[in-house]
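Welcome, and please open the model in your viewer. We will walk through it one selection at a time.

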Amino acid sequence: MPPGYSNLNDPRVCKLKKSIYGLKQASRQWFSKLSTSLLHFEFLQEKSDSSLFIRKSTNDFIAVLIYVDDVLIASNTLTALNKVKQYLCMTFPIKDLGNLKYFLGIELARSAKGIVLYQRKYALDILTDTGFSGAKPVSFPMESTLKLSTYDASPSLSDLASYRRLIGRLLYLTLTRPDLSYAIQTLSQFMSNPHTMHMQAAERVLRYLKAIPGQGLLLKANSTFHLKAYSDSDYGGCIDTRRSVTEYLVFLGDSLISWKSKKQPTVSRSSAEAEY
Amino acid sequence: MATTSCEIQWLTYLLVDFHIPHSQPALLYTDSKLASEIASNPVHHERTKHIQLDCHLIRKKLQEGLLNIIHIPSRFQLADALTKPLGYHTLNPILGKMGMVNNHSHLEGGYWNLEQTINTHKEHIKPSKIAEKATHAED
């Protein structure tokens with residue numbers, strides 16, 4: 001029984017006929033409802049990404065990407081796209097927001113050259129909330145001589161939550177900003193016990209953000225479909241644990257589509273081993 | 001490299017799902033000559049140490065024709081921007097190659113703004129250098 005309705009003398013309980021809002025299963029039920037209706041419409045759920053649905057026939061191709069109740073539809077023909085919209089409109093009450101401009105904090109700009117993904121609004125929001133919108137801009141996110149350690153001599157921060165909140169928000173920003181990912185990867189190592197030194201480094205990232213908040217990734221329109229990857233590692237890059245930092249960039253043609261900067265889980269015994 | 005090849009593998013599956021043919025092997029650039037040679041040479045040398053699971057994974061992927069390892073000089077290594085903190089003059093060309101553009105440059109004053117950023121940076125670095133010298137003097 002829901003809280004407030006319990007009656008100890010009455011042994012009866014309620015049977016739920018519908019998975020309602022607020023239940024643990026609600027999100028799962030919603031996804032299965034949406035996906036079964038898409039599967040009815042001859043879509044195929046892809047194995048590489050379970051929230052991606054694709055329908056392919058001889059002359060049209062439709063891809064549907066789902067994030068909870070936000071749906072992106074992409075197609076090569078407009079008629080096929082409208083059919084999917086009509087179908088979804090019949091099954092669910094939907095709101096058509098037109099061409100894709102803003103999705104999960106990521107803004108999109110289209111031009112003849114390609115599509116630019118950027119998070120200008122998100123970046124400016126962080127700057128306003130931290131009070132850095134009037135800060136002096138700097139041209140790179142982290143000083144190259146800077147070595148940060150957990151056992152820093154500077155005093156611990158009194159407000160730990162503010163540091164954690166800031167790094168958490170910056171982490172989402174790396175979605176369109178590979179230039180920040182090294183700095184934020186390093187700063188997020190100190191989440192458990194941040195010192196003033198770390199906060200200063202984080203503030204520098206903010207001032208870099210202030211210099212170019214609207215920077216984003218260009219996905220070129222006339223690009224080949226060939227995967228290219230760059231891989232590198234920094235042997236013993238973390239001075240506390242002596243673990244190496246590994247990172248990669250993956251390009252599809254000329255557009256950067258995937259990247260990562262991550263501390264390796266094990267200690268490498270040689271620089272060659274660190275590369276693997 | 002093992003994490004990279006896993007990512008490449010996943011992306012190839014994704015391309016197959018999108019019905020985009022990707023028949024030729026993906027190119028994996030690394031600036032470590034040693035690592036690329038150990039991976040592409042299947043003969044196990046007696047003096048090659050520290051070779052573990054990850055290396056064998058890459059060898060397997062190489063033999064399957066999923067990827068090709070190519071050695072490039074460090075100055076062309078774009079992944080550098082994610083291994084170490086870089087200054088403005090090294091970071092900026094890399095960002096250009098990554099395809100990063102400043103979308104609102106025309107609103108923020110375009111090229112002039114960029115120059116100004118460098119200048120403000122120069123002003124900024126001076127006090128810190130003086131402070132550095134002061135600490136050295138104390139030592």
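Which residue in E2(B) does Ala26(B) stand opposite? Select Ala26(B) and look across: its counterpart in E2(B) is Leu67(B). Keep in mind on this tour that the model is predicted.

**Stop 1: the strands around E1(B)**

Now select all of strand E1, residues 26-30 of chain B. Of its 5 residues, 4 are buried, so the strand is largely enclosed by the rest of the structure. Add strand E2, residues 67-71 of chain B, to the selection: 5 bridges join E2(B) to E1(B), and the two run parallel.

Next, bring in a strand from the other chain. Strand E9 of chain A covers residues 227-234, and 4 bridges join E9(A) to E1(B), again in parallel. Two pairs are good to click on here. Ala229(A) has Leu28(B) as its bridge partner, and Tyr230(A) is partnered by Tyr29(B). While you look at the strands, remember that in a regular strand the side chains alternate between the two faces of the sheet.

**Stop 2: where the chains touch**

Zoom out to take in the whole contact, which involves 64 residues from chain A and 59 residues from chain B. On the chain A side, E9(A) gives the most, with 8 residues. Colour that side by class and you should find 31 nonpolar, 16 polar and 17 charged residues.

**Stop 3: chain B as a whole**

Show chain B alone. How many helices and strands does chain B have? There are 6 helices and 3 strands, and from the N terminus on they follow the order α-β-α-α-β-α-β-α-α. Chain B has 139 residues, of which 27% count as buried. Of the contacts in chain B between residues at least 6 apart in sequence, 64% link residues at least 24 apart.

**Stop 4: chain A and a pair of helices**

Switch to chain A and colour domain 1 (26-98), domain 2 (118-217) and domain 3 (223-275) separately. The centres of domain 1 and domain 2 of chain A, taken over C-alpha atoms, are 37 Å apart.

Finally, select helix H4 (residues 160-173) and helix H6 (residues 196-211) of chain A, whose axes come within 11 Å and cross at roughly 35 degrees. This crossing of H4(A) and H6(A) is left-handed. Show side chains for Tyr163(A), Leu166(A), Ile167(A) and Leu170(A) in H4(A), which meet His198(A), Met199(A), Ala202(A) and Val205(A) in H6(A). The residues of this contact comprise 7 nonpolar, 1 polar and no charged.

Note on methods: Residues are numbered from 1 along each chain as its sequence is written. Chains are lettered from A and ligands numbered from 1 in the order in which they are written. This is a predicted model: local features need pLDDT of at least 70, side-chain atom pairs count only at pLDDT 80 or more; totals for chains, interfaces and linings use all residues. Axes are lines fitted to C-alpha atoms, for helices over the stretch in contact, and angles run from 0 to 180 degrees between N-to-C directions. A crossing is left-handed if the near helix is turned anticlockwise from the far one by less than a right angle, and right-handed if clockwise. Two residues are in contact if their C-beta atoms, placed from the backbone, lie within 7 Å. Ala, Val, Leu, Ile, Met, Phe, Trp, Tyr, Cys and Pro count as nonpolar, Asp, Glu, Lys and Arg as charged, and the others, Gly among them, as polar. A residue is buried if 20 or more other C-beta atoms lie within 10 Å of its own, exposed if 12 or fewer, and partly exposed in between; C-beta atoms are placed from the backbone. Two strands pair if DSSP finds at least two bridges between them. Domain bounds come from an automatic or database domain assignment.
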